[in-house]
Amino acid sequence: MKINLQKLPLAIKPFILSLFLSLSFLAFLSLQTPRHSLQKPTTANLPPDLRIRPGYSSYDAYIERQLNKTLNPKLRQIWTTRDWDRKVRVFSEFFENLKLRGFLSNNSKALCVGARVGQEVAALKRVGVNDSVGIDLVPYPPLVIKGDFHHQPFDDRTFDLEFSNVFDHALYPWKFVGEIERTLKPGGICVLHVALSRRADKYSANDLYSVEPLKELFKMCELVEVRRIDGFGLDTEVVFRKKKK
């Protein structure tokens, strides 16, 4: 519908002109504002043994749900008190084992992806890997900085080792893996702890039924080892090494 300004009453002409200019400016801004690169999740191109859970209408809705767990005051109190010593001890034994298997050294630069309050980072430092840090949606200084594992806040080829036990929380597993591969150094090691024989908690965003989807997602890495574990509800350890070329 066209508006003929000449036929409008003089009093409302400035209002109509102002409204038109405002809408034009908003339209211009919408074109200039960068869109979030992550769209609504789909299973169309995923391996059959990896399924995205339904129920997330947007990425913001997904983040809000994850924050509901991460910021839960009762859980954070448990993580930083009752669970702290036990988990740091178990993770220390795990990282010492990685050293014995040649996947980790005191000179390694290590990242823990989805570290919450940083028990894994504390364990790395306990076993002598001092150049280590964690990322999570909520920071926990000095062990954990703020970061989204779909968009790691690090440069390419930064880390010698990346560890995560929250693969099931990735709404976009291909982005989760892609960021690990981007920030790993050539020859670097990625260790994932996942659940294959049981479904993870209600905050999980995907379900993994075999190691095969991981082998497809890790395009810049080679599979080094798969073994059974008992890791706080997770049953399988998968180790990848980034190819040097």
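**Definition.** Helices (H or I, at least four residues) and strands (E, at least two) are DSSP runs, numbered from the N terminus. This applies to helix 2 (59-70) and strand 3, each of which supplies at least two residues of the lining of the largest cavity.

**View 1. Overview of the chain in a predicted model.**
The chain has 245 residues, and 46% of them count as buried. Its secondary structure comprises seven helices and nine strands. The exposed area is about 13,600 Å². Carbon and sulfur atoms supply 55% of that area. Take the contacts between residues at least 6 apart in sequence: 65% of these join residues at least 24 apart.

**View 2. The largest cavity, with helix 2 in its lining.**
The structure holds two cavities of 30 Å³ or more. The largest encloses about 200 Å³ of space. Rolling a probe the size of a water molecule over the atoms shows where empty space is left. For the largest cavity, 17 residues form the lining. Gln-66, Thr-70, Asp-136, Leu-137 and Phe-149 lie nearest its centre. Helix 2 gives six residues, the largest share of this lining. Strand 3 also supplies at least two. By class, seven lining residues are nonpolar, six are polar and four are charged.

**View 3. Helix 5 and the elements packed around its buried residues.**
Helix 5 spans residues 119-126 and is mostly covered. Six of its eight residues are buried. These are Gln-119, Glu-120, Val-121, Ala-122, Ala-123 and Leu-124. What do they pack against? The buried residues of helix 5 meet two helices, helix 3 (73-80) and helix 4 (84-100). They also pack against strand 2 (110-113), strand 3 (132-136) and strand 5 (159-164). After the helix comes Gly-128, with a positive phi near 100°.

**View 4. Leu-111 and its neighbours in the chain.**
Leu-111 lies in strand 2. Is Leu-111 buried or exposed? Leu-111 counts as buried because its relative accessible area is 0%, and the cut-off for buried is under 20%. Residues up to four places away in sequence are not counted among its contacts here. Leu-111 touches Val-133, Gly-134 and Ile-135, along with Gln-152 and Phe-154. Its other contacts are Phe-159, Leu-161, Glu-162 and Phe-163. Val-121, one of the buried residues of helix 5, is 10 residues from Leu-111 in sequence. In space, the C-alpha atoms of Leu-111 and Val-121 are 8.0 Å apart.

**View 5. Strand 9, paired with strand 6 and strand 8.**
Strand 9 covers residues 234-242. Eight of its nine residues are buried, so the strand is mostly covered by the under 20% cut-off. How many bridges join strand 9 to strand 6? Six bridges do, and the two strands run antiparallel. Strand 6 spans residues 184-194. Val-191 has Val-239 of strand 9 as its bridge partner. Eight bridges join strand 9 to strand 8 (residues 221-231), again antiparallel. Gly-231 stands opposite Leu-234 in strand 9. In a regular strand the side chains alternate between the two faces of the sheet.

**View 6. The hairpin of strand 8 and strand 9.**
Two residues lie between the strands in this hairpin. Phe-232 takes a positive phi, near 55°. Phe-232 is also among the residues closest to the centre of the largest pocket.

**View 7. The largest pocket, with a volume of about 470 Å³.**
This pocket is lined by 21 residues. Which of them lie closest to its centre? They are Lys-69, Lys-87, Arg-116, Asp-201 and Phe-232. Helix 3, helix 4 and helix 5 each supply at least two lining residues. The lining of the largest pocket has eight nonpolar, six polar and seven charged residues.

**View 8. The second largest pocket, holding about 160 Å³ of space.**
The second largest pocket has 13 lining residues. Val-90, Phe-94, His-193, Asp-230 and Gly-231 lie nearest its centre. Helix 4, strand 8 and strand 9 are the elements that give two or more residues to this lining. Gly-231 is the residue that stands opposite Leu-234 in View 5. By class, the lining of the second largest pocket divides into six nonpolar, three polar and four charged residues.

Definitions and conventions:
Residues numbered from 1 in each chain as written. Predicted model: local features only at pLDDT ≥ 70, side-chain atom pairs only at ≥ 80, totals over all residues. Heavy atoms only, no water. Buried < 20%, exposed > 50% of the residue type's maximum accessible area, 1.4 Å probe, protein only. Contact = heavy atoms within 4.5 Å. Areas by Shrake-Rupley, 256 points an atom, 1.4 Å probe, with all protein chains shown as cover. Pairing = 2+ DSSP bridges. 1 Å grid on protein atoms, 1.4 Å probe; cavity = no way out; pocket = protein on both sides within 12 Å on 5 of 7 lines; lining within 4 Å. Points joined across faces, edges and corners; volume = space filled by probe spheres on them. Nonpolar A, V, L, I, M, F, W, Y, C, P; charged D, E, K, R; others polar.
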